[in-house]
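User: Could you walk me through how the labels on this model are justified? I would like to see the reasoning behind each one.

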Amino acid sequence: MDSKVEYKTTSDITAYKVSGDKGKALNYDNIFQFGAESISTDLLEKIRNIRKDLPLHPLLSRQIVYAHRDLEKMLHLHSIGKPFYIYTGRGASSKSLHLGHLNVFSFTKYLQDLFDTTVVIQMTDDEKFLFNDKLSLDQCKSYAIENIKDIIACGFNPKKTFIFQNTEYMGEMYSTVLQVQKCLPFNQIKSAFGFELDGCNIGKVSYPPLQIAPCFSQCFSTQFNNQVMPCLIPCAVDQDVFFKLSRDIAHKLKLPKPSVIHSKFLPSLLGVHEKMSASDEKSVIFMTDTPSQIIKKIKSAMSGSTGTLEQHRKTGANLDLDVAFQYLRFVEPDDEKLNNIADTYKKGTLTSPEVKKILTDIVLKIVVDFQLARAQVIDEVVAQFKCIRNLPY
Ligand code: TYM
């Protein structure tokens, strides 16, 4: 076990709810009580040195990707030429990815380039059906397909990427799912996820093994030619509980423990106390939004500058609570520009509408470029990524 403390579900962040006190940033530190480590400057240096021609990703240097479990083990394997794969996923409750998801998938693509390795991406149409009373199974399946197109548009290498939907791939995974189920006592799942017994459908309780199973390479025996290898999982921190459980049971299955690399959330438009979420229309910028929708949404984002212009000139903005500035930390690639905005906005020289305008221009470009790439992803391309085939690693 990584830690003897029970995984606490009363923090700001759990697998199925992310929300803290209004007017305060989310507390991301809880994870350190459960065996995760922060990404040290030493570790950043090691990552930077893997490929001199690939600059360190800004999400890493800005500590938005901030914690890990056993990442060093993966760096070591890479340095001695031993294979591992990358595993991530998406549970689509909307037709499109949002800007927060885009960051996680772009970062995963960066890891694919960095390690030149195979990526498997799980689409949990089953999870969304079980956890969202408003969605039919057909809707969940069709959202999964639309989201697969979005994910492909992030630029994954078609030769080294396999994408699967649980409702279709279950047969291939079932033996591993069974082994995982047998290792997980009901009480452990109940307390790890905070499931209430009254009114909780049994599908919810039986779902976690489905997300845990792909941590083990035997789920992909054709793709990996029966080779046993560990995986590295990039995700935002809400998903950690699944992978902490995977690590806890790996020794019972006599399989390698997965490693995890965790990111913080792109906040909601409504404030930094919650994440941007596809299920809350008011919180979110979708990758399908039109320019006028984006302009309107960013204008309405919660500001860290309050009072009159005169007051702002005197006191400046609180950057920690300013949604537009926090988004810039995710999407403005140039450190110098970002620092300059931070300095002048904090002092009150730059105003909130000006910062929102800078952000709007960047987001409009990201969304337009994304939509162009997405338009190229036709059904044949989806079929190529979903095809069960031998993958080089
Ligand atoms: P889902 O669909 O909620 O989210 C997909 C991925 O995006 C991360 N994420 C965010 N990242 C930054 N800012 C946000 N506002 C934000 N909201 C969500 C999530 O942490 C996730 O990494 N159960 C999963 C699907 C899944 C999965 C996996 C995720 C299956 N297997 C393996 C990661 C790794 C889900 O519903 O994710």
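Analyst: Happy to; this is a predicted model, and we can take the ligand and then one helix.

User: How do you know that Gly91 makes a polar contact with the ligand?

Analyst: The cut-off for a pair of N or O atoms is 3.5 Å. A polar backbone atom of Gly91 is 2.8 Å from an oxygen atom of the ligand, so the pair counts as a polar contact.

User: What makes Gln122 and Met276 polar contacts of the ligand?

Analyst: Each has an atom within that 3.5 Å limit of a ligand nitrogen. For Gln122, a polar side-chain atom lies at 2.9 Å; for Met276, a backbone N or O atom lies at 3.0 Å. Overall, the protein covers 98% of the 690 Å² of accessible area that the ligand has on its own.

User: Which element gives the most to the shell around the ligand?

Analyst: Strand S3 does, with four residues. The shell has 25 residues, with Arg90, Gly91, Glu127, Gln211 and Asp238 the closest. By class, nine are nonpolar, ten polar and six charged.

User: Why is helix H11 called mostly covered?

Analyst: Buried means under 20% relative accessible area, and twelve of the 14 residues in H11 are buried, so the label fits. Among them are Phe242, Phe243 and Arg247.

User: What is centred on Arg247 in H11?

Analyst: A kink of about 30°. The helix, residues 240–253, still reaches 20 Å from its first C-alpha to its last, close to the 20 Å expected. Lys254 follows H11, and its phi is positive, near 60°.

Key:
Residues are numbered from 1 along each chain as its sequence is written. This is a predicted model: local features need pLDDT of at least 70, side-chain atom pairs count only at pLDDT 80 or more; totals for chains, interfaces and linings use all residues. Side-chain values use heavy atoms; hydrogens and water are left out. A residue is near a molecule or strand if one of its heavy atoms lies within 4 Å of it. A polar contact is a pair of N or O atoms within 3.5 Å; within protein, one must be able to donate a hydrogen and the other to accept it, and residues adjacent in sequence count only if both atoms are side-chain atoms. Accessible areas come from the Shrake-Rupley method with a 1.4 Å probe; for residues, only the protein chains shown count as cover. Helices (H or I, at least four residues) and strands (E, at least two) are DSSP runs, numbered from the N terminus. Ala, Val, Leu, Ile, Met, Phe, Trp, Tyr, Cys and Pro count as nonpolar, Asp, Glu, Lys and Arg as charged, and the others, Gly among them, as polar. The expected span of a helix is 1.5 Å times one less than its number of residues. The bend at a residue is the angle between axes fitted to the seven residues ending there and the seven starting there. Buried means under 20% relative accessible area, exposed over 50%, partly exposed in between (1.4 Å probe, protein chains only).
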